[in-house]
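Welcome to this guided tour. Open your viewer, get your selection tool ready, and follow along one stop at a time.

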Amino acid sequence: MDYVSLGKTGLKISRLGLGCMTFGSPGWAPWVLDEAGSRPIVEKSLDLGINFFDTADMYSRGESETVIGSLLKDLPRHKLVIASKLYNPMSDDPNDRGLSRKHVFEAVDGSLKRLGTDYLDLWQLHRFDYDTPLEETLDALNDVVRSGKVRYLGASSMFAWQFMKALGLQRAHGWAPFVSMQPHYNLIYREEEREMLPLCRSEGIGVIPWSPLARGRLAGRGETTRSRSDATAGALYDRAAETETRIVEAVRTVAERHGRPMAQIAYAWVATRPGITAPLVGISKLHQFDDAVAALEVELTDEDVALMEAPYQTRPVAGHV
């Protein structure tokens, strides 16, 4: 496994990050694995040299963090890069959500407790909060970093103008800056290429995209428990759409040309796009690691890339609106 800097920082993360939404409580979603089911996947990721684990407080309403904390507790802390996120509701209480100063302070303590650690390597805004002044959020985040509870700050899906406004405010006030962006990005959804990815390249922001396989669609998989029950996937993608079908078929053609599974080709495309630091891979079965790791060695030709990108058409923003 190779390791790369996260943006302009000195923090080294593996070229693949393990997305941890899959771990937690099956009661939250039927495709989620409990601690016993998660253990072999986390152990395998460590064997492969993956050091970057990305979770969020809202995954299984905190249980994902609890499971990850339990499975990693006996490992040397300096060998791990643990990332989490805040914003989404953690209960029905109106203040147990969002990016207010109150919730920022309470959320970081909650994540640290569940993860069983003294600090987070990377803490990310899961979404933009339209109900809280941005200055309030950024000031609170700066205090959390200065307190030692968080090492680096990141953000996830939002508009580029929102992210740049935040970066500008952080610089103007001398606040701890965002060093990473976690966008929705794959061959079926490429709207981030218009503004967000160029912005990140210009500002030296690390990019750790989510859903590189478009919830399995780019792997050519049929129906699964997750595809049947994942409402988010249904909102993001449309198997019946002609453009999506043409993209999937282009990936299939390139995969056949290389003699590799479709998943490897789709992963390789994301991993080799300009400015991408490390795709986040969601693993629910051990054999899925094979494609994710092998993809790092795939050499796509210009012809391959052109073939897979050609069917794309502009589409509405999806993932944070």
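Is Cys 20 buried or exposed? Select Cys 20 and look around it: this residue is buried, with a relative accessible area of 0%. Keep in mind as you go that you are looking at a predicted model.

**Stop 1: the cysteines**

Now add Cys 200 to your selection. Cys 200 is buried too, at a relative accessible area of 1%. A disulfide is a covalent bond between the sulfur atoms of two cysteines. If you hunt for such bonds here, the count comes to 0 disulfides.

**Stop 2: the sheet**

Switch to a cartoon view and find the strands. You should be able to trace an open sheet of 8 strands, in the order β9-β8-β7-β6-β5-β4-β3-β10, with parallel pairing. Colour β9 (206–207) and β10 (280–282) to mark the edges, where each strand pairs on one side only.

Next, select β6, which is residues 120–125. This strand and β7 run in the parallel sense and pair over 5 bridges. Show the side chains of Leu 122 and Tyr 152: Leu 122 stands opposite Tyr 152, which belongs to β7.

Two helices are worth adding to this view. Helix α4 packs on the sheet, where it touches β6, β7 and β8. Compare directions and you will find that α4 makes about 150 degrees with β7. Then bring in helix α5, residues 160–173, which also packs on the sheet and touches β7 and β8. The direction of α5 makes about 170 degrees with that of β8.

**Stop 3: a mostly covered helix**

How many residues of helix α2 are buried? Select residues 63–72 to see this helix: 7 of its 10 residues are buried, so it is mostly covered under the cut-off of less than 20% relative accessible area. The buried ones are Ser 64, Glu 65, Val 67, Ile 68, Gly 69, Leu 71 and Leu 72. To see what surrounds them, display α1 (35–47), β4 (52–54), β5 (81–86) and α3, since the buried residues of α2 pack against these elements.

**Stop 4: the nonpolar cores**

In soluble globular proteins, nonpolar side chains tend to be buried together. To look for this here, select Phe 23, Trp 123, Phe 163, Phe 178, Leu 218, Leu 300 and Met 308. Within the largest nonpolar core, which has 88 residues, these touch the most other members. Helix α10, residues 262–271, gives this core its largest share, with 8 residues.

Apart from that core lies another one, made of 11 residues. To find it, select some of its members, including Leu 11, Val 81, Val 179 and Ala 278.

**Stop 5: salt bridges**

The whole structure holds 17 salt bridges. Let us visit three of them.

Begin with Arg 101 and Asp 143, whose side chains meet in a salt bridge at 2.5 Å, N to O. Arg 101 sits in helix α3 (residues 101–115) and Asp 143 in helix α4 (residues 134–146), so you are looking at a link between parts of the chain 42 residues apart. Arg 101 is partly exposed at 31% relative accessibility, and Asp 143 is partly exposed at 27%.

Next, pick Lys 149 and Asp 109, which form a salt bridge at 2.8 Å, N to O. Here the loop between α4 and β7 (150–156), home of Lys 149, is linked to helix α3, home of Asp 109; the two residues are 40 apart. Lys 149 counts as partly exposed at 28%, as does Asp 109 at 38%.

The third pair is Arg 190 and Glu 309, at 3.9 Å, N to O. Arg 190 lies in the loop between β8 (178–182) and α6 (196–203), while Glu 309 is in helix α12 (residues 302–309), so this bridge ties together parts that are 119 residues apart in sequence. Arg 190 is buried at 10% relative accessibility, whereas Glu 309 is partly exposed at 22%. Now add Glu 193 and Arg 273: salt bridges with shared partners join these two with Arg 190 and Glu 309 into one network.

**Stop 6: two backbone surprises**

Finally, zoom in on the loop between β9 and α7 (225–229), where Ser 211 is found. Ser 211 has a positive phi of about 60 degrees although it is not a glycine, and it counts as buried at 11% relative accessibility. Ala 214 lies in the loop between β9 and α7 as well. Its phi is positive too, about 55 degrees, and Ala 214 is not a glycine either. Ala 214 is buried, with a relative accessible area of 0%.

Technical notes
Residues numbered from 1 in each chain as written. Predicted model: local features only at pLDDT ≥ 70, side-chain atom pairs only at ≥ 80, totals over all residues. Heavy atoms only, no water. Core = buried A, V, L, I, M, F, W, Y, C linked by side-chain atoms within 4.5 Å. Buried < 20%, exposed > 50% of the residue type's maximum accessible area, 1.4 Å probe, protein only. Helix = DSSP H or I, 4+ residues; strand = E, 2+ residues; numbered from the N terminus. Salt bridge = Lys/Arg side-chain N within 4 Å of Asp/Glu carboxyl O. Disulfide = S-S within 2.5 Å. Contact = heavy atoms within 4.5 Å. Pairing = 2+ DSSP bridges. Axes fitted to C-alpha atoms, helices over the stretch in contact; angles between N-to-C directions.
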